[in-house]
Protein chains: 4
Amino acid sequence: MTMLSGLLATIFERRGERRAPTNKRAQDIEDIARDLVAAPGDGAAQSLAEDMIERYRELDDAAKLRFFRFLAVTLNISPQAIRHAINAYEESPSRESYEAFMRASEPARQELIRRLNQAPGATEVLVGMRADLLRLGRMDPRLMILDSDFRHLFASWFNRGFLVLRPISWESPAHILEKIIAYEAVHAIDSWHDLRRRLEPEDRRCFAFFHPVMPNEPLIFIEVALTQSVATSIQSLLADGRTVVSSEASDTAVFYSISNCQAGLAGISFGHSLIKQVVADLSVDLPQLKTFVTLSPMPGFGAWLDTKHLERDGEGCAALRSLAATYLLHAKDSAGRPLDPVARFHLGNGAEVHDLHVDADTSPTGLHRSAGVMVNYLYDAPNMKRNQERFTASGDVMAADRIRSLCSVGEPVLETVGAR
Amino acid sequence: MTMLSGLLATIFERRGERRAPTNKRAQDIEDIARDLVAAPGDGAAQSLAEDMIERYRELDDAAKLRFFRFLAVTLNISPQAIRHAINAYEESPSRESYEAFMRASEPARQELIRRLNQAPGATEVLVGMRADLLRLGRMDPRLMILDSDFRHLFASWFNRGFLVLRPISWESPAHILEKIIAYEAVHAIDSWHDLRRRLEPEDRRCFAFFHPVMPNEPLIFIEVALTQSVATSIQSLLADGRTVVSSEASDTAVFYSISNCQAGLAGISFGHSLIKQVVADLSVDLPQLKTFVTLSPMPGFGAWLDTKHLERDGEGCAALRSLAATYLLHAKDSAGRPLDPVARFHLGNGAEVHDLHVDADTSPTGLHRSAGVMVNYLYDAPNMKRNQERFTASGDVMAADRIRSLCSVGEPVLETVGAR
Amino acid sequence: MTMLSGLLATIFERRGERRAPTNKRAQDIEDIARDLVAAPGDGAAQSLAEDMIERYRELDDAAKLRFFRFLAVTLNISPQAIRHAINAYEESPSRESYEAFMRASEPARQELIRRLNQAPGATEVLVGMRADLLRLGRMDPRLMILDSDFRHLFASWFNRGFLVLRPISWESPAHILEKIIAYEAVHAIDSWHDLRRRLEPEDRRCFAFFHPVMPNEPLIFIEVALTQSVATSIQSLLADGRTVVSSEASDTAVFYSISNCQAGLAGISFGHSLIKQVVADLSVDLPQLKTFVTLSPMPGFGAWLDTKHLERDGEGCAALRSLAATYLLHAKDSAGRPLDPVARFHLGNGAEVHDLHVDADTSPTGLHRSAGVMVNYLYDAPNMKRNQERFTASGDVMAADRIRSLCSVGEPVLETVGAR
Amino acid sequence: MTMLSGLLATIFERRGERRAPTNKRAQDIEDIARDLVAAPGDGAAQSLAEDMIERYRELDDAAKLRFFRFLAVTLNISPQAIRHAINAYEESPSRESYEAFMRASEPARQELIRRLNQAPGATEVLVGMRADLLRLGRMDPRLMILDSDFRHLFASWFNRGFLVLRPISWESPAHILEKIIAYEAVHAIDSWHDLRRRLEPEDRRCFAFFHPVMPNEPLIFIEVALTQSVATSIQSLLADGRTVVSSEASDTAVFYSISNCQAGLAGISFGHSLIKQVVADLSVDLPQLKTFVTLSPMPGFGAWLDTKHLERDGEGCAALRSLAATYLLHAKDSAGRPLDPVARFHLGNGAEVHDLHVDADTSPTGLHRSAGVMVNYLYDAPNMKRNQERFTASGDVMAADRIRSLCSVGEPVLETVGAR
């Protein structure tokens, strides 16, 4: 591994590349883009890519939007050319006619984005470019077509095979840790002290995926608590004065928070691979761990209760638990999938509903969105593949009997509600 | 950089992934491929990808060829579906119709290859798969269509933005160094002692590009000698008892060997970026370097002389030099490009013909292929971009006056010979 | 460097060494110490060392004090044995008689401490042991004899040749950074935000010495500001809204804080080597830096003014500046050295008094101890050796003319005051 | 660990320290040594240390010998001063009188060596200096006194607590591997190919101790074969076409070669700690390993047989085995220790004689020195401490019954032979 770690230390150290200011600045970014698409060789392309990256950084939102429209409209595919190329290929299939079709069927902007990526640090800028696009262009269907191209390329570049899982600890660099603080999306980290409590004790773990060309930017991270039984309340799990469990004494790993970090990578899914890898790594490091569960919110439950005109507090614990089970197992969207987005994610990964806890998240957000209820999804390696196949094929929600029985007695069939 | 080097140390350390033998072994690789293309979620896909990678490793050449044909024919594009999708898009352009067209226009094998890449270590296997394809399928036009897909994907994955330049030295890991010995394609390295002579003295340098997911496989490397003037003979440059020049005293960097390492990455061009980066890095490290030149063979010169029925030895030094200049500047292929492949490469990078040397490579290969002549191509940063543009636009070969004058007097116009 | 960084990654990873609890716990630490001194071979010694380190950790202050007395008294030298051994050596000098004398002249506790150091992590514990000794035993002259042994050994172990200079940045591990916050002794760092302001901007630098066996414990660190002229006020230098100077534009490096970190290494001097190394490194990295100065307090000035019955505020700027110059250049301790401890340190390193600034530190501590005055000591490489020799030989304080002239007019000879 | 590996990467990177040639060159090394001993502060000392290191490198053997005599004689202890200081201390024990005695009792050359060590790279030069001393001065008893000082300081600097164990593999840097080839002292490595056979297969391991300030110089290394039962022949163990055992299938670790690398560290013992650490690490990594044994030569056996006028070949297998057992268990030196040096080492570590093999080393050296016989010494963790104590206390050689019985029948008492 010495070789690898050494060799990568230079990724961003491309020295001697600080470029003299060029008169390209005066040139419109669209002109540079046209030149770059047309550039004959690698040399010209790389230099234009650097110009264009630099130019993009200077654009304001209005100019970015103009630029995105240029990409979407001017560098679009030509149906006419495509039909011509596919006919030619069909008539006489050959390497040449096939490649001619490939070129015709792919909009020039895809090649533009690939060529841009030759500039040092370009990948991060391109991810930011897509974040800009999603921020500015959501309402414009033409721009969402451009977004499809970004997504197509990023799915290839950020393929699981290129990602690296790294533990995040109190010994990690501060500039990474401040991003963990900033990106935590489930249970906010309110200070360095709070962060430390989640990283330093021996019964806490954190892992993140990175891409080699963006070593300072986590893509997704997961926070884990090692416990002696399945956790039932997020506030207890994170309590300040709690007793630390020694690594050896723990038997359960609780995944209590998963956060995506990059707006520009929306729709590129890392969560399944992350959990799979973390379960595998923890199993090797701590062979005494027997149970891998989440402690998850039910962010659609509150709204669902409102829709049903059910009162959250008036029901009593048992009733609320029963409603929660019903919601998880039976409330479906128009496509027949679970209404709850977190449930869709974990069930889609092959997890099963293991338990439900009332008063498990008493934070304002927890009460508002999940009516204070939290779920344990169980990741049980031997069953995951089968669970996943059944869930994908039939929409069947795998659940422990104790949960299943909660909603079995006299439960009326629930009409499905609108897709979210 | 600490973060990066650390984080990458785990790329191949995906632990806990040693997989139990599955009954998939019995299953045909084509069946697995079909399942993988159809897999609904990441989980199923990753597991199938691992199966399929394992299965591929066990195939013999005949089975590989069958498998390639399956990819080329069965997982091919459907003109019918493409026409349908492009019409639908034209009629009603939207994200959905655009993505439907993208899916239709891309053969299923491309998605298959991307999904395969999720398995640990898959990239290296896929590069090997393409090497197999080029070895076994060169004669079959259908398979060369499949090769276009590989090349398309690899151009994206092995984009300059993802590559890492690393110095190779006598302190590099032995398992990398033995690959340098094996892959050296220009002036063979015949022992560890010979290798050491090229790496350890302070007037020698070596650099290679790596991709983070293949840390043990150089993609391309370049060998450099630091000298006090432009080198004129490869045997002198590599002589055993030569005097070592102190780094401070050198004024010239001589690139005397560039070798591509991966048959499976044929056609993905790294050479230009490599030279550009090495010139930039050396300029920073050794600011006293004033001249960057190659000492290159003319591998087409011998054959060209034969074609012309010119004798190599009978001509005398001056005559041979003049013929060499003529060959370099005026012998063109049917596309109007220089007949010599090495000349095409360096001139295409923006270098210029700086000097020619007779009796410069007296090895059997040197005498046979280049008639003993070697060329210095000059990489002069301020002129490279302009040179490249002129060469690309008009085919003009930039050359020093001393070379130009060699072929100017009474030189008959040379008929172009067939493309190589 | 790959080899080194790799090889050291394992220093604290001595695996498989978690030791079963032994019945040694019941044994008195003095008994273990006696066994360890007498242990015949490495194996027995290492195991006893581990026992004893563990035992020491469990002692309370009273037991530590008893243990220190045991070391000081029982494991002391024997004048009788020494006289015997030196006589024998004088009579018949040989390797044997010389080594016998060496053994006799060294108290057994020194060998004990060396043997203790074989246990994993022992060095850090031993440094802590000396910190305990200095805390608990200052008043007991016998224990200060024991301290001489610690200091003798530590001077050898923490020799400059074994230390490593490392930049501290916002990319450093959080567990190191929290120690920087804790150990800053000159201008307190009050939050992570404050720390970040001192590390992240491109015109700030920080460096620390580490010892390889204590990789998580800085020994001493220095904070540097890059500026466009010599800084004249610590509050301006650290102001929140200040303009950041680009690295290229800076011409001066200002050392504004040096902090020793380890109480147990008191008297082992690192400051001179640290400044020397940082000046050398910055000169290479930023060749445009022309001036290396400190911005230092005068921590004895306030007390000196009080002794003289001079009022701090009543004097006016010019008068205070003149008094400060007089204090720096002429106030001496009984040994003839400058009265001010910070002056002694920098002048002893070969620096010279470059300038003085009134109202330069308006913090409560700055006003109280230094009457708000700060000094620039200039580190001018070509003169440092000569300055140092003159200062050591004659006590001459090198100072700029502007400072010298401040105290030249009608200055009465100052009586020296008691040594501090 | 990131912090550590990072921080150490700079040990030898002390930049800006390339020193201008000084006129000190003309000065005699003895003068510089005197100045260095007398230097008042760290600054002067470090600069003189650098001068002196440089000067030493230029000395020829005769000059080195003169210099060693100067150290031995001129910078020696003064019995007169020592008696004076110990009397003063006895009369009035205090920190001051104690430190005065410490200074008097230590020869000035020890402080000189410590100060020399402040120069960059000095430790390696000092180790080389002692190697020179042992090479040139063995016959001069005064110089052997100087050697005692080196050894005393090196024992402290190369304390186990400062050493780092590192695996050596085919992925290790070539410049380290060539030292492994050079330093192998037991079973010579005759080529890179031979080295590779000992490092690359999965049933081979190699480990070395390093000191952080000499990262390119192994101090000692050990070669290990993983096998399925105790190895009985070195030639079989190293045979070219042998079947590789998978790591999982192995149950035994065979230590078949241990080599010290640094002549200048003679007498500083690393072997015991090395074996202890390697046993511990392998036990963690490969928990299925049940047996840890050596396959060792008996380098004194041949000579002993000669002394006894016993013929090696004439005896037959059984007889030779019996003689070997007798030699190991009963042949003692004048101090009552085993005559065989390898036996002394392993028995002193707490190992026991496990088995003996005839025709186990058929190399010329093996036949000559060990009469072809090899020994397995067993490292059995639970018994090692007890074995070691018994061996140290009584000289009892622990041996398996099968070995003990070999020499029990009718064995005459052997007269001890002279110490080696």
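1. Chain A first. In this predicted model, the secondary structure of chain A comes to 19 helices and eight strands. Of its 420 residues, 58% count as buried. Take the contacts in chain A with a separation of 6 or more: 73% of them come from residues 24 or more positions apart.

2. For a local look at chain A, try helix H7, residues 108–116. Seven of its nine residues are buried, so the helix is mostly covered, taking buried as under 20% relative accessible area. The buried set holds A:Leu112, A:Ile113 and A:Leu116, but also A:Arg109, A:Gln110, A:Arg114 and A:Arg115. If you are scrolling through the structure, those arginines are worth a click.

3. Still in chain A, go to helix H18 (residues 381–394), where you will find A:Lys385. Its relative accessible area is 33%, and A:Lys385 is therefore classed as partly exposed. The side chain of A:Lys385 also reaches over to another chain, with a polar contact of 3.0 Å to the side chain of B:Ser47. Along chain A, A:Ala399 is 14 residues away from A:Lys385, and their C-alpha atoms are separated by 15 Å.

4. Now B:Asp149, which sits in helix H9 (residues 141–157) of chain B. Buried or exposed, this B:Asp149? B:Asp149 counts as buried because its relative accessibility is 0%. As for what surrounds B:Asp149, and setting aside residues up to four places away in sequence, it touches A:Tyr98 and A:Met102 from chain A, plus B:Pro107, B:Arg109 and B:Gln110 from chain B. With A:Tyr98 there is a polar contact as well, side chain to side chain, at 2.6 Å.

5. Chain B also has a nicely covered strand. E3(B), residues 220–227, has eight of its eight residues buried. B:Ile220, B:Ile222, B:Val224 and B:Leu226 point one way, while B:Phe221, B:Glu223, B:Ala225 and B:Thr227 point the other way, and all are buried. Note that B:Glu223 and B:Thr227 are in that second group.

6. What does E3(B) pair with? One partner is strand E2 (residues 204–210) of chain B, antiparallel over six bridges. Within that pairing, B:Arg205 has B:Val224 as its bridge partner in E3(B). Strand E4 (residues 252–260) of chain B also runs antiparallel to E3(B), and eight bridges join the two. There, B:Ile222 stands opposite B:Ile258 in E4(B).

7. On to chain C and its helix H6 (residues 95–105). The buried residues here are C:Arg95, C:Ser97, C:Tyr98, C:Phe101, C:Met102, C:Ala104 and C:Ser105. Which elements cover the buried residues of H6(C)? The cover includes helix H5 (79–91) of chain C, and from chain D it includes helix H5 (79–91), helix H6 (95–105), helix H7 (108–116) and helix H9 (141–157). When you inspect H6(C), keep chain D switched on.

8. C:Asn159 is another residue to view with chain D displayed. C:Asn159 lies in the loop between helix H9 (141–157) and strand E1 (164–167) of chain C. At 5% relative accessible area, C:Asn159 is buried. Leaving out neighbours within four places in sequence, the contacts of C:Asn159 are C:Phe154, D:Arg114, D:Asn117 and D:Gln118. Its side chain also reaches the backbone nitrogen of C:Gly161 at 2.9 Å. For C:Gly366, 207 residues from C:Asn159 along the chain, the C-alpha separation is 34 Å.

9. Now the interface of chain D and chain B. Contact involves 14 residues of chain D and 14 residues of chain B. The area buried between them is about 1200 Å², and carbon and sulfur atoms give 54% of that. On the chain D side, D:Trp170, D:Glu171 and D:Trp192 lose the most area to chain B, together 37% of what that side buries.

10. Last, the polar side of that interface. The rule finds two salt bridges across it; B:Arg196 and D:Glu178 meet in a salt bridge at 2.0 Å, N to O. There are also eight residue pairs in polar contact, both partners at pLDDT 80 or more. On the side of chain D that touches chain B, the elements giving two or more residues are helix H10 (174–183) and helix H11 (192–199) of chain D. H10(D) gives the most, with four residues. By type, that side of chain D divides into five nonpolar, three polar and six charged residues.

Conventions
Residues are numbered from 1 along each chain as its sequence is written. Chains are lettered from A and ligands numbered from 1 in the order in which they are written. This is a predicted model: local features need pLDDT of at least 70, side-chain atom pairs count only at pLDDT 80 or more; totals for chains, interfaces and linings use all residues. Side-chain values use heavy atoms; hydrogens and water are left out. Contact means heavy atoms within 4.5 Å. Buried area is the accessible area (1.4 Å probe) that two parts lose on being put together, summed over both. A salt bridge is a side-chain nitrogen of Lys or Arg within 4 Å of a carboxyl oxygen of Asp or Glu. A polar contact is a pair of N or O atoms within 3.5 Å; within protein, one must be able to donate a hydrogen and the other to accept it, and residues adjacent in sequence count only if both atoms are side-chain atoms. Ala, Val, Leu, Ile, Met, Phe, Trp, Tyr, Cys and Pro count as nonpolar, Asp, Glu, Lys and Arg as charged, and the others, Gly among them, as polar. Buried means under 20% relative accessible area, exposed over 50%, partly exposed in between (1.4 Å probe, protein chains only). Two strands pair if DSSP finds at least two bridges between them.
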